[in-house]
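Student: Please take a close look at one part of this model. Start with the local backbone, then work outward to the charges and the strands.

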Amino acid sequence: MSQPALPEVDVAVIGGGAAGALVALHLLATPDLRVALVEPRPDLAQGVAYSTPRDEHLLNVNAARMSAFDDRPDDFLAFLREAPSTAALPAEALPATFAPRRVYGDYLQARLAAALQAGTLMRLTETVDEVRPAASGFVLRTGADTELRARAVVLATGGVPAALPVSGVGAAAPGIIEAWHYAAVAAIAPEADVAIVGAGLSMVDVLLTLHANGHRGRVVAISRHGLLPLAHAPGTVPQAGGVEPLLPLGVRARMRLLRRWAAEAQAQGRPWQDALERLRPQVQTLWQAWPPAEQARFLRHGVRHWDIHRHRIAPEAAAVVEAMRRDGRFSLHAGRVMTVAACDDGRWQLDWRRRRRNDDERLMVDRIVNATGLEKRPTQVPGTLPAALHARGLARSGPHGMGIDTDAAGGVRDRSGATVPGLWTLGIPRIGTLWESIAMPELRGQAARVAAAALAHVREAGARD
């Protein structure tokens, strides 16, 4: 039996979070371009990061750097000057403000709503289970068993949390909570003993919510390295100089030189963060300058130290984490979770092994929070679309098994390594190729370039027809 067909569109954007909304924003600036945005969640332009309703969850970048548009660097600041929650702040204080992430979600929604007044968007509240090539482009099959034809497709599927590093235990088990399930984290009883697996930005979110709720129980985090994200420093500016001296160096030599630059900044009375800001616009270049073997060495030995220095948190958030450590409500340990088991009394038994030790320790808690971060391996992403793309040969894993392999423009490479005409991706799926691919300064540029490439493809296809 044939599947019901939806109207044909020029560009179908799969995923309506921040990445998908940014691509749609650029596409809708072209009159008469038929654009479909396919997203199962009811709210657009938020995704996981910006869908939090919690005021304590702050952006990790100050407002001055968070415009959604490269050619309008003050756009987010203009929004904050009018937003009810920030309009009362002095205008001179806004650039350095770490705004709540929910406010940034409001910003993206407002800009998308404005674009919708000028353009035509087909909104499908569906999942996409399959994308297959067709004579005029692609056919998308949705979870509702309908088909949508598109000349070009953009995969803006965003990220999903990685599974707990313990076999046989799923996030659906009672008492195990995903860090991104904000309502469930907020519902943890104040007296509960909590174990958090992971110590990155998601763990910080959990601590901030527990603190805001007056949590009194014990909170223990376990991560492989036992390292916390570091804080931004007020007044940070890029250290003078370029990154050319780093380009020919391997992991160890780069780390030594970067430590020297940080020490030089501090000797001049500047924060060490200035040295990281020196690298900020060139991280993709630095990643791609390494041969695969050196990239793999970084992933084995250097990535966690890089992450805590590069992906810093707002000073206000760091102060809360430190206060919880000082008063004994929170502790962090370096180790590996070995087994997790449910107990008859409703509690959880977590056995773990300290780093560089062979003896196991046991922790009894009321709740476990999975804060292990983003799943970088496309073969492990839940849902049928990633598997379908790989099975059909339309996509292959990126370098080191991370994300989707792409060309320099974000075009998806097929099983043989050839770019699939009319198929692009951006954001998290490009992590293996670019490494730095999810922060807004990178994402907004990718969105503009992918939208322009999709538009050019549609026009060329129309001219051929």
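Tutor: Asp 32 sits in the loop between α1 (18-27) and β2 (34-38). Helices (H or I, at least four residues) and strands (E, at least two) are DSSP runs, numbered from the N terminus. This is a predicted model: local features need pLDDT of at least 70, side-chain atom pairs count only at pLDDT 80 or more, and totals for chains, interfaces and linings use all residues. Residues are numbered from 1 along each chain as its sequence is written, and side-chain values use heavy atoms, with hydrogens and water left out.

Asp 32 is not a glycine, yet its phi is positive, about 70°. Its relative accessible area is 76%, so Asp 32 counts as exposed. The cut-offs are these: buried is under 20% relative accessible area, exposed is over 50%, and partly exposed lies in between (1.4 Å probe, protein chains only). The areas themselves come from the Shrake-Rupley method with a 1.4 Å probe; for residues, only the protein chains shown count as cover.

Set Trp 435 beside it. Trp 435 also has a positive phi, about 65°, although it is not a glycine. Its loop runs between α12 (431-434) and α13 (440-464). Trp 435 is buried, because its relative accessibility is 10%.

Another loop is worth a stop. Ala 83 and Ala 96 are placed between α2 (75-82) and α3 (101-118). Ala 83 has a relative accessible area of 6%, so it is buried. Ala 96 reaches 54% and therefore counts as exposed. Two distances help with orientation. The C-alpha atoms of Ala 83 and Arg 151 are 38 Å apart, with their positions 68 residues apart along the chain. For Ala 96 and Leu 279, 183 residues apart along the chain, the C-alpha separation is 20 Å.

Now the charges. Side chains of opposite charge can pair when their charged atoms come close. The rule here is a side-chain nitrogen of Lys or Arg within 4 Å of a carboxyl oxygen of Asp or Glu. That rule gives 33 salt bridges. One network links Asp 129, Glu 130, Arg 132, Arg 141, Glu 147 and Arg 392.

Look at Glu 130 within that network. Glu 130 bridges to Arg 132, with the closest N and O atoms 3.9 Å apart. It also bridges to Arg 392, where the closest N and O atoms are 2.3 Å apart. Glu 130 lies in strand β4 (residues 128-134) and Arg 392 in helix α11 (residues 384-392), so this pair ties together parts that are 262 residues apart in sequence. Glu 130 is buried because its relative accessible area is 14%. Arg 132, at 23%, counts as partly exposed. Arg 392 is partly exposed too, at 38%.

Helix α9 (residues 292-310) holds a local pair. Glu 294 and Arg 297 both lie in that helix, three residues apart, about one turn. Their side chains meet in a salt bridge at 2.5 Å, N to O. Glu 294 is buried at 14% relative accessibility. Arg 297 is partly exposed at 24%.

Last, the strands. Two strands count as paired if DSSP finds at least two bridges between them. Strand β10 (residues 330-342) contains Arg 336. Strand β9 (residues 219-223) runs parallel to β10, joined by five bridges. In that pairing, Val 220 stands opposite Ser 331. With strand β11 (residues 348-354), β10 pairs in the antiparallel sense over seven bridges. Here Arg 336 faces Arg 353 of β11. The two strands make a hairpin with five residues between them, and Gly 346 in the turn has a positive phi of about 90°.

Arg 336 has a further role in the picture. It is partly exposed, because its relative accessibility is 47%. It joins Arg 224, Arg 355, Arg 356 and Lys 376 in a surface patch of positive charge. Patches are made of residues with over 30% relative accessible area and no salt bridge: like charges are joined within 9 Å, nonpolar side chains (Val, Leu, Ile, Met, Phe, Trp, Tyr) within 5 Å. Lys and Arg count as positive and Asp and Glu as negative, while His and the chain ends are not counted. Each charge is placed at NZ of Lys, CZ of Arg, CG of Asp or CD of Glu.
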